[in-house]
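I opened this entry to keep a record of what I looked up, element by element, and of how each reading came out.

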Amino acid sequence: MGNLEGKVAFITGAARGQGRAHAVRLASEGADIIALDICADIDSMDYPNASPADLEETAKLVEGTGRSIVARQADVRDADAVDEVVREGVERFGRLDIVVANAGIVRLSSDEPSQRRQIFRDIIDVNLVGVWNTVEAAIPHVINGGQGGSIVITSSSAGLKGTGTDRAGGQAYAAAKRGLVGLMQVWANQLGPHSIRVNTIHPTGVATGMVMNETMAKLFEQGDEALSAMQNVLPIQILQPEDIAEAVAWLVSDAGRFITGTAWPLDAGFSVR
């Protein structure tokens, strides 16, 4: 039996990358999974999002661990759609114990004046408002379970340390990821009496579709200024999704039962440079 036997986890951005790694790892520890992903591109971004086939692959990997999954396409910006996915999952599994609010987007490339407002708005709406929609949909179900729970919000090293840029995407990303820390602290205080823990995690670069794409590769090749300040202290160029999932699996387990209200750097020392 795993550390999470009999529990249920709701994960956004679950079709690939960190979200998929969380789904598979938590399932391997015994949890059933409610998975959500937009599985569609956002016009203002400069790289492709996950596909429906990616979400299907996540479902197969979870089922391969022997656990069950409800996997649905939905946009975290659509609060009603998020509510419906959570309701369907709770009806299927009878409870909700863990939330991993992971869905996010980024754009670090240059922009035209006509694009800036839309880029800024889309990143704020997905990375900040989308997390609020996710946790807001989940809270009543976790409280009603009466067994406590754990909410983990994926912020970023940018949520701890801002670097200079004149680009709307980088500005919005830092603002949203820092805003998640404030939300986390509010929720940790609000939900503590229900034995529900709330924490943010702050990864440095992780090898996911958001980073490993043609646009980002060109920025690296050009020595782009938006990336030049993003250096780790440890001699680790990039983390793997499984590295983050391992930390989260520990945090949501009983081993982390006393940890709440924290901003946890998973950043190879990025934030102390």
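**Helix packing, strand pairing and a few loop residues**

I began with the contacts between two helices, where Gly17, Gln18, Ala21, His22, Arg25 and Leu26 in H1 meet Pro241, Glu242, Ile244, Ala245, Glu246, Val248, Ala249 and Val252 in H8. I keep in mind throughout that this is a predicted model.

Two packed helices are described by the angle between their axes and the distance between the axes. I therefore looked up both values: helix H1 (residues 17-28) and helix H8 (residues 241-252) pack at an angle of about 50 degrees, with 8 Å between their axes. H1 is oblique to H8 because this angle lies outside the roughly parallel range, under 35 degrees, and outside the roughly perpendicular range, 65 to 115. As for handedness, I noted that H1 passes H8 in a right-handed crossing.

Next I turned to strand E4 (residues 98-101) and asked which of its residues are buried on each side. Ile98 and Val100 are buried on one side, and Val99 and Ala101 are buried on the other, so that I could record both faces of the strand as covered, taking buried to mean under 20% relative accessible area.

I then looked for the pairing partners of E4. Strand E1 (residues 8-12) pairs with E4 in the parallel sense over three bridges, and in this pairing Phe10 stands opposite Val99. Strand E5 (residues 149-154) also runs parallel to E4, joined to it by four bridges, and there I found Ile98 opposite Ser150. Following the chain from E4 through helix H4 (residues 116-145) to E5, I recorded a right-handed β-α-β unit.

In the backbone angles I noted two residues other than glycine with positive phi: Ser195, with a value near 60 degrees, and Ala268, with a value near 50 degrees. Ser195 sits in the loop between helix H5 (168-191) and strand E6 (196-203), whereas Ala268 belongs to the segment after strand E7 (263-266). Ala268 counts as buried because its relative accessibility is 11%.

My last entry concerns Thr204, in the loop between E6 and helix H6 (214-221). Is Thr204 buried or exposed? Its relative accessibility is 10%, so I entered Thr204 as buried. Leaving out residues up to four places away in sequence, I listed its contacts as Ser157, Asn232, Leu239, Leu266, Asp267, Ala268 and Phe270, a list that includes the Ala268 whose positive phi I had noted above. I also checked Thr204 against Val82, 122 residues apart along the chain, and found their C-alpha atoms separated by 27 Å.

Technical notes. Residues are numbered from 1 along each chain as its sequence is written. This is a predicted model: local features need pLDDT of at least 70, side-chain atom pairs count only at pLDDT 80 or more; totals for chains, interfaces and linings use all residues. Side-chain values use heavy atoms; hydrogens and water are left out. Buried means under 20% relative accessible area, exposed over 50%, partly exposed in between (1.4 Å probe, protein chains only). Two strands pair if DSSP finds at least two bridges between them. A crossover is right-handed if, with the strands pointing away from the viewer, the path from the first strand over the helix to the second runs clockwise. Axes are lines fitted to C-alpha atoms, for helices over the stretch in contact, and angles run from 0 to 180 degrees between N-to-C directions. Angles under 35 degrees count as roughly parallel, over 145 as roughly antiparallel, 65 to 115 as roughly perpendicular and the rest as oblique. A crossing is left-handed if the near helix is turned anticlockwise from the far one by less than a right angle, and right-handed if clockwise. Contact means heavy atoms within 4.5 Å.
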